[in-house]
Amino acid sequence: TVCKKVSKTTVLYKASSVKLSKTSYTYNGKTQKPKVVIKNSKGKALTEGKDYTVKYPKGMKNPGTYTVTVTFKGSYSGKKTLTFTIAPKAPTLKVKAGAKKATLSWNKQTGASGYVVYMATSKNGKYKKIATVKSGKVSYTKTGLAKGKTYYFKVAAYTTSGGKTINSAYSSVKNIKVK
């Protein structure tokens, strides 16, 4: 700029796409680490180490929300935070019929804050939430059911992290005919 002479011009395309390769996982007992994928406005991938660095949080194993920080460097500047979740594993449900009641039980899931129980009157019918069970309990009894009628149940584990609720997949549907 002092001698008013330009010896070389390089066009830098802005980093327009900053994403994680995957934003949700299911607990599997192992560390889960998504890749950071950054492309410029022309669709060319930026290079980690040269154009940016990535800082992952500790853990990334148990159910919860995790924040990854991307810090741009070299010809780029700024920071970007990205989040991903690890949901609890789906519980395995067991159901026993009783006199006008159904007793449900399931296996405890690592990192679960609690469980949500659903019921329907047909396998593909509309499931209604009938109970939320806190973390320490792994059973629930539904009373007041009609004798001789068949009911369908499923359960999901959940965890709360960063003010958000993260649900597992549903268990397999189990049905019983009330005694």
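This short talk covers the aromatic pairs in this structure and the lysine that sits over two of the rings.

Keep in mind that the model is predicted. The structure holds five aromatic pairs. I will take two of them in detail.

Start with Y25 and F84. Their ring centres are 5.8 Å apart. The planes meet at 75°, so this pair is edge-to-face; the cut-off for that class is over 60 degrees. Where do Y25 and F84 lie? Y25 is in strand β2, residues 24-26, and F84 is in strand β6, residues 79-87. The pair therefore ties together parts that are 59 residues apart in sequence.

Now, burial. Y25 has a relative accessible area of 12%, which makes it buried. F84 is at 1%, and counts as buried too. There is also a third ring here: ring pairs link Y66 with Y25 and F84 into a cluster.

Next, Y118 and Y170. This pair is edge-to-face, at 5.4 Å centre to centre and with 90° between the planes. Y118 belongs to strand β9, residues 114-120. Y170 is in the loop between β13 (164-167) and β14 (174-177). So this pair ties together parts 52 residues apart in sequence.

Are these two rings buried or exposed? Y118 is buried, at 17% relative accessible area. Y170 is partly exposed, at 45%.

Last, the lysine. Which rings have K154 over the face? One is Y127, with K154 at 4.2 Å from the ring centre. The other is Y170, at 3.9 Å. So Y170 has an edge-to-face partner in Y118 and K154 over its face.

Conventions
Residues are numbered from 1 along each chain as its sequence is written. This is a predicted model: local features need pLDDT of at least 70, side-chain atom pairs count only at pLDDT 80 or more; totals for chains, interfaces and linings use all residues. Side-chain values use heavy atoms; hydrogens and water are left out. Rings of Phe, Tyr and Trp (its six-membered ring) pair if their centres lie within 6.5 Å; planes under 30 degrees apart count as stacked, over 60 as edge-to-face and the rest as tilted. Helices (H or I, at least four residues) and strands (E, at least two) are DSSP runs, numbered from the N terminus. Buried means under 20% relative accessible area, exposed over 50%, partly exposed in between (1.4 Å probe, protein chains only). A charge sits over a ring if NZ of Lys or CZ of Arg is within 6 Å of the ring centre and within 35 degrees of the ring normal.
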